[in-house]
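Hi,

Here is the structure I promised to send over. Have a look at it first, and then read my notes underneath.

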Amino acid sequence: MALVSAKDMLNKAAAGGYAVGQFNINNLEWTKAILQTAQEQNSPVILGVSEGAGKYMCGFKTVAAMVKAMVESLGITVPVALHLDHGSYEGAKACIEAGFSSIMFDGSHYPIDENIAKTTELKGICDQLGLSLEAEVGAIGGEEDGVIGSGEVADPAECKMISDLGVTMLAAGIGNIHGKYPANWKGLNFEVLSQIHDVTNGKPLVLHGGTGIPADMIKRAISLGVAKINVNTECQLAFQEATRKYIEEGKDLQGKGFDPRKLLAPGTQAIKDCVKEKMELFGSIGKA
Ligand SMILES: [Zn+2]
């Protein structure tokens, strides 16, 4: 199946009271693990690629070619969107050209007028090509590729302005942050999420920083219009823990344990387990 825009899967999720996971990819093993799990669980899936990860994987064209070929050779039939995560204006254009099926333009650090102008232009291009577009209002806290946000809470009036441009989905800061949550984290701001949900008329909302948000908060967020949840750090931690265990147990020193296909296998399985667990929590299993 060819890559699809995230529009139908997210509209269905918003209407059905569940969320689709965006799982960020870092290499071949990551991509394979996420695609296989989505197929096994009959779940739609969004593969996220940050600009940094795109650079690491030798550019957006390499990523798009790898994902398309892998979808074909693994016989993946569930809907798969290939999505630029936190794109700059230039990055968005590069991914459109490279064949991504979904784009996030993160204009949250611009004044609202400039965010609107750039989002509007990119929306025109995405509409023409049938791509989905995610916009952002109110920076998400934590660190993403060296950009440190302070964990703002978005202004619902600004969210309405950007949502009314006709973007596919909207990311809004509601106290969520990227990476691990600190012990003194105050939790998600459901009052603001509820206001954003009210003024955006059922627009699929996106929750970034899905790692470590307690399950009850995730469920409440989904009930208030969150239809896409981004997970990145959690898969990285799962991969790291399993790989560390393999080496600490000396398995890389036994037989052909040094073979990368063996060395990376436990970490890859750990990513699969992590993705499955998230799909269960988000309610996307069987929704392909
Ligand atoms: Zn994010």
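Below is what turned up when I went through it.

Keep in mind that this is a predicted model. The centrepiece is a closed barrel of eight strands with parallel pairing, in the order β1-β2-β3-β4-β5-β8-β9-β10. From one strand to the next, the twist averages 25 degrees. To pick out one pair, strands β4 (residues 102-105) and β5 (residues 132-137) run parallel and are joined by four bridges, and Ser102 sits opposite Ser132 of β5.

Outside that pair, helix α2 (residues 28-40) lies across β1, β2 and β3, at about 165 degrees to β2.

Now the inside. In soluble globular proteins, nonpolar side chains tend to be buried together. Here the largest nonpolar core has 79 residues, and Ile34, Leu47, Val80, Ile103, Leu170 and Ile271 have the most contacts inside it. Helix α12 (residues 265-282) gives the most to this core, seven residues. If you click on Val80, you'll find that it touches Leu35, Ala38, Val45 and Leu47, among others.

Helix α5 (residues 89-98) is a nice one to look at too. Its buried residues are Gly91, Ala92, Cys95 and Ile96. Seen down the axis of α5, they fall within an arc of 140 degrees, so they line one face of the helix. They pack against α3, α4, β3, β4 and α6. On the other side of α5, Glu90 and Glu97 are exposed. Just after the helix comes Gly99, with a positive phi of about 100 degrees.

Cheers

Definitions and conventions. Residues numbered from 1 in each chain as written. Predicted model: local features only at pLDDT ≥ 70, side-chain atom pairs only at ≥ 80, totals over all residues. Pairing = 2+ DSSP bridges. Helix = DSSP H or I, 4+ residues; strand = E, 2+ residues; numbered from the N terminus. Axes fitted to C-alpha atoms, helices over the stretch in contact; angles between N-to-C directions. Contact = placed C-beta atoms within 7 Å. Core = buried A, V, L, I, M, F, W, Y, C linked by C-beta atoms within 7 Å. Buried ≥ 20, exposed ≤ 12 C-beta atoms within 10 Å, placed from the backbone. Arc of directions from axis to C-beta. Lists of a residue's contacts leave out its neighbours within four places in sequence.
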